[in-house]
Amino acid sequence: MMLPPFKNLGEVDHKRILDEIVLGDGTKHQRLEDIDAPYTNEMMTKYGMYNSRIMALRCKECYSWHRDTTPRVHFPLITNNNCLFISEETAFSMPVGSAYWVDTRKHHTALNGNRGDYIRYHIVGMTNETF
């Protein structure tokens with residue numbers, strides 16, 4: 001059975017997460033290990049996430065075309081429709097307010113097509129779940 005490239009898993013309160021964590025300046029990814037963030041930790045546990053991190057993608061940048069060994073769960077924190085995730089031949093945006101399971105075992109990339117100083121922030125964690 002072929003799995004879709006992504007699935008909306010349900011609501012995540014991104015504002016509560018933003019109240020608990022520090023995003024940084026967008027120049028590097030930040031690991032989320034042993035953080036004092038009860039709601040964020042609860043959500044990461046709920047979705048079976050591990051090796052989680054805050055990923056920052058600056059305007060007019062993209063990641064390399066690659067694939068991972070496990071799927072990922074995304075919590076979009078700051079994003080808009082100019083930020084796209086591309087999985088094989090499917091491009092989609094992930095609005096804030098939900099958790100998304102993404103089959104990153106398929107070739108994929110993400111891009112931030114915004115101008116100016118807009119930085120896309122997601123919490124991304126590995127998962128062994130297929131939901």
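This is a short dialogue on reading a predicted model.

Trainee: In what order do the six strands of the open sheet run?

Mentor: Read a sheet by its strand order, then by its pairing. Here the order is β1-β8-β5-β10-β3-β2, with antiparallel pairing.

Trainee: Which strands stand at the edges?

Mentor: An edge is read from the partner count. β1 (6-11) and β2 (30-31) each have a single partner strand, so one side of each lacks a neighbour in the sheet.

Trainee: How many bridges join β5 and β10?

Mentor: Pairing is read bridge by bridge. β5 and β10 share six, in the antiparallel sense. One pair to look up is I78 with its partner Y121 in β10.

Trainee: Which residues of the largest nonpolar core touch the most other members?

Mentor: Look for the hubs. The core has 22 residues, and the hubs are V12, I17, I21, Y47, V73, F75 and I123. Elements supplying at least two residues each include α2 (38-46), β3 (50-57), β5 (72-78), β8 (98-102) and β10 (120-126). A separate core of seven residues lies apart from it, with L57, F85, Y100 and A110 among them.

Trainee: What does I123 touch?

Mentor: Set aside residues up to four places away in sequence. I123 then touches I17, I21, L32, T40, M44, M49, R53, I54, V73, H74, F75 and L77.

Trainee: Is K46 buried or exposed?

Mentor: Compare accessibility with the cut-off, which is over 50% for exposed. K46 has 52% relative accessibility, so K46 counts as exposed. K46 belongs to helix α2.

Trainee: How far apart are K46 and R115 in space?

Mentor: Sequence and space are read separately. The pair is 69 residues apart in sequence and 35 Å apart, C-alpha to C-alpha.

Terms used: Residues numbered from 1 in each chain as written. Predicted model: local features only at pLDDT ≥ 70, side-chain atom pairs only at ≥ 80, totals over all residues. Heavy atoms only, no water. Core = buried A, V, L, I, M, F, W, Y, C linked by side-chain atoms within 4.5 Å. Buried < 20%, exposed > 50% of the residue type's maximum accessible area, 1.4 Å probe, protein only. Helix = DSSP H or I, 4+ residues; strand = E, 2+ residues; numbered from the N terminus. Contact = heavy atoms within 4.5 Å. Pairing = 2+ DSSP bridges.
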